[in-house]
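Walk through this structure with me, one region at a time.

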Number of protein chains: 2
Amino acid sequence: MELGKAEEIAEALRTQIIQGELYAGTKIASERDLSKEFGASRMTARRAIQILEGEGLVTRYPVRGTFVANIRERSVINQGRVAAMELRSTGSFLEQMERLGRKPRVQFLEQPGLVAVDVDIARQLQLQPGTLVLKRYRLQFANNTPYRLIESYYPADLFEELLTTDIGSRSLFAWLQERHGLRVVHAQEELIARLATARERQLLRISLNAPVVAFNRTVWTDTNRPVEWAHIIEVASLYRFTYEYDIPDWNQESQLEKEAEREQVTQPVDTE
Amino acid sequence: MELGKAEEIAEALRTQIIQGELYAGTKIASERDLSKEFGASRMTARRAIQILEGEGLVTRYPVRGTFVANIRERSVINQGRVAAMELRSTGSFLEQMERLGRKPRVQFLEQPGLVAVDVDIARQLQLQPGTLVLKRYRLQFANNTPYRLIESYYPADLFEELLTTDIGSRSLFAWLQERHGLRVVHAQEELIARLATARERQLLRISLNAPVVAFNRTVWTDTNRPVEWAHIIEVASLYRFTYEYDIPDWNQESQLEKEAEREQVTQPVDTE
DNA sequence: GAGTGGTCTAGACCACTAT
DNA sequence: TAGTGGTCTAGACCACTCC
């Protein structure tokens, strides 16, 4: 363990939270108690909690204490269909970077190989838990600066032979169509902004206070079969997302800005 | 000034950066030098720099120092058209929250009124700098928790009479169509994830390490005139963006995943 | 050797609230 | 009054790089 004391405390709490021992709404130990328990100074215990806060796992309230956050309670923005977002840019990472005059590079963090899926990913790919899938775990750079961390999974029955076959520079999905006649037609994505975890900070070479944008993506074929599940971490400070869209007829949808905002007019919080 | 010493140091540097006295790439004073200059401890100077880092204004490198970031250099993700994103959810903030069983509330931080636009917003709205615009500055809550901070501007020649007219619960844009025959049809948005500024933290009641999602939005009418420019700040931990989309034909675009990734396979950074 | 950011310590005072 | 998080101090040692 070479992650430092704050990270150690954070990891202990993180494990409890993820495993459900500390469930949503639970009050966790105070900074002073944690510092005693782990033999650290209060500032270090404090940093540990701040790390978890940045990851969205806990919420702190002065006077009241620190509480485990309810991750499922995040509001879901935009349930609609959009034309293309992360996937489009994913596909053109090379081109995008070259267009910007930056040298892209990819580093595999693990040799691509078959692994047994855990429960979560199995559900996303509609497989039985334990089924073999092809896992790719890689880091993309531009001008030797880490940009994105990508962990992706593909059903082994379709993609297994990629371990022994070189498809050259062809697209994985183009290959899928040629080899198996399956065309990739649909994707769903989830986007969350948070601070990076220790591992992500290490790999992306960013510091404690650097936010990341985390994507979860599932890709389907025309036969309605999920063929990719990916978890993508991008360094937030390196990205700006821009997009445009046409607006449906507001006379029908008519809800925009109708928020009964004349309700109150109050002075701003006094700041100076 | 009641913002604390770290914030004071951060503000001094922030001003220099925004005004261009410290331009992109410049190395700023070290933590130790700043602490001397401002009569603070090193930890306080350090926190000041961390604040700026989280906002994306500077980048820190161990050994080398801290440098002013090039904001314009963020990669632009997805230049394409999408169907609806923030605007759709904006429009239904009330409904969305009610659907989730939360009580929405809106607080105006300023009385809506006419102001002279600065250069930036003038450009967005295609107006002469100094032209009058209607400004609305408000904070949206759900269950008394601050969710979003919205600062929006509208050309005064179209919207001025809203100051003396009550449009009830109707949409601003529905009113625009009825009153002026202008239909809102198009929008462009920019999305950035970063840590909150001191003011945003105060208003949104979040702490130092809490990331936000910042949107800039411009809305156009069918006559191709910009009628709204808005700056929206959302508490990142309260949001999850989900969307789906159909994928264009990869045989034609064929760049997806073609990233020549077999280039290298390296061991991950050793972590334990 | 000097200077950088990264981490940590062992205190301190504050505003606030629940008891 | 006791306990919470928020802020601050004045040190310390570390790994690392540049000179």
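Is Arg205(B) buried or exposed in this predicted model? Arg205(B) is partly exposed, because 16 other C-beta atoms lie within 10 Å, and the partly exposed class sits between 12 or fewer for exposed and 20 or more for buried. The residue belongs to the loop between α9 (198–204) and β9 (211–221) of chain B. Its backbone is worth a look: phi of Arg205(B) is near 55°, positive although the residue is not glycine.

Asn224(B) also has a positive phi in a residue other than glycine, near 65°. Asn224(B) is placed in the loop between β9 and β10 of chain B. Here the surroundings are sparse enough for the exposed class: Asn224(B) counts as exposed because it has 9 other C-beta atoms within 10 Å, and the limit is 12 or fewer.

Now turn to a buried residue. Phe173(B) lies in helix α8 (residues 172–180) of chain B. Phe173(B) counts as buried because 24 C-beta neighbours fall inside 10 Å, where 20 or more are needed. Along the chain, Phe173(B) and Thr221(B) are 48 residues apart. In space, their C-alpha atoms are separated by 9.5 Å.

Next come the strands of chain B. Strand β7 (residues 145–155) is mostly covered, with nine of its 11 residues buried. Which strands pair with β7(B)? One is β6 (residues 132–142) of chain B, joined to β7(B) in the antiparallel sense over 10 bridges. Within this pair, Arg148(B) in β7(B) stands opposite Gln140(B). The two strands form a hairpin, with two residues between them. In that turn, Asn143(B) has a positive phi of about 50°. Another partner is strand β10 (residues 226–235) of chain B. β10(B) and β7(B) run antiparallel and share six bridges. His231(B) in β10(B) is the bridge partner of Glu151(B).

Helix α3(B) brings us towards the DNA. It has 13 residues and spans 18 Å from first C-alpha to last, close to the 18 Å expected at 1.5 Å a residue. Its buried residues are Ala45(B), Arg47(B), Ala48(B), Ile49(B), Gln50(B), Ile51(B), Leu52(B), Glu53(B) and Gly54(B). What covers them? The cover comes from both chains: it includes β9 (211–221) of chain A, along with α1, α2, β1 (58–61), β2 and β8 (184–195) of chain B. Just after the helix, Gly56(B) takes a positive phi of about 85°.

Which element gives the most to the surface near DNA strand D? It is α3(B), with four residues. In total, 23 residues surround DNA strand D. The closest are Ser30(A), Gly4(B), Lys5(B), Ala6(B) and Thr44(B). Both chains contribute elements that each supply at least two residues. From chain A these are α2 (31–38), α3 (42–54) and β2 (65–68), and from chain B α1 (5–18) and α3 (42–54). By class, the surface divides into eight nonpolar, seven polar and eight charged residues.

DNA strand C has 23 residues around it. Those that come nearest are Gly4(A), Lys5(A), Ala6(A), Thr44(A) and Ser30(B). For this strand, α3(A) provides the largest share of the surface, four residues. Elements that each supply at least two residues are α1 (5–18) and α3 of chain A, with α2 (31–38), α3 and β2 (65–68) of chain B. The class count is eight nonpolar, seven polar and eight charged.

Finally, consider chain A as a whole. Its secondary structure comes to 10 helices and 11 strands. Of its 272 residues, 46% are buried. Among contacts with a separation of 6 or more, 57% link residues 24 or more positions apart.

How confident is the prediction across chain A? What is the mean pLDDT of chain A? The mean is 78, and 78% of the residues reach 70 or more. Among the elements of chain A, strand β5 (residues 113–116) has the highest mean pLDDT, 94, and helix α10 (residues 250–253) the lowest, 44. Two stretches call for caution. Over residues 78–91 of chain A, pLDDT stays under 50, and the model has 51 contacts beyond four places in sequence for them. Residues 250–272 of chain A also stay under 50, with 47 such contacts.

Technical notes:
Residues numbered from 1 in each chain as written. Chains lettered and ligands numbered in written order. Predicted model: local features only at pLDDT ≥ 70, side-chain atom pairs only at ≥ 80, totals over all residues. Near = placed C-beta within 6 Å. Nonpolar A, V, L, I, M, F, W, Y, C, P; charged D, E, K, R; others polar. Pairing = 2+ DSSP bridges. Expected span 1.5 Å × (residues − 1). Contact = placed C-beta atoms within 7 Å. pLDDT = per-residue confidence, 0-100.
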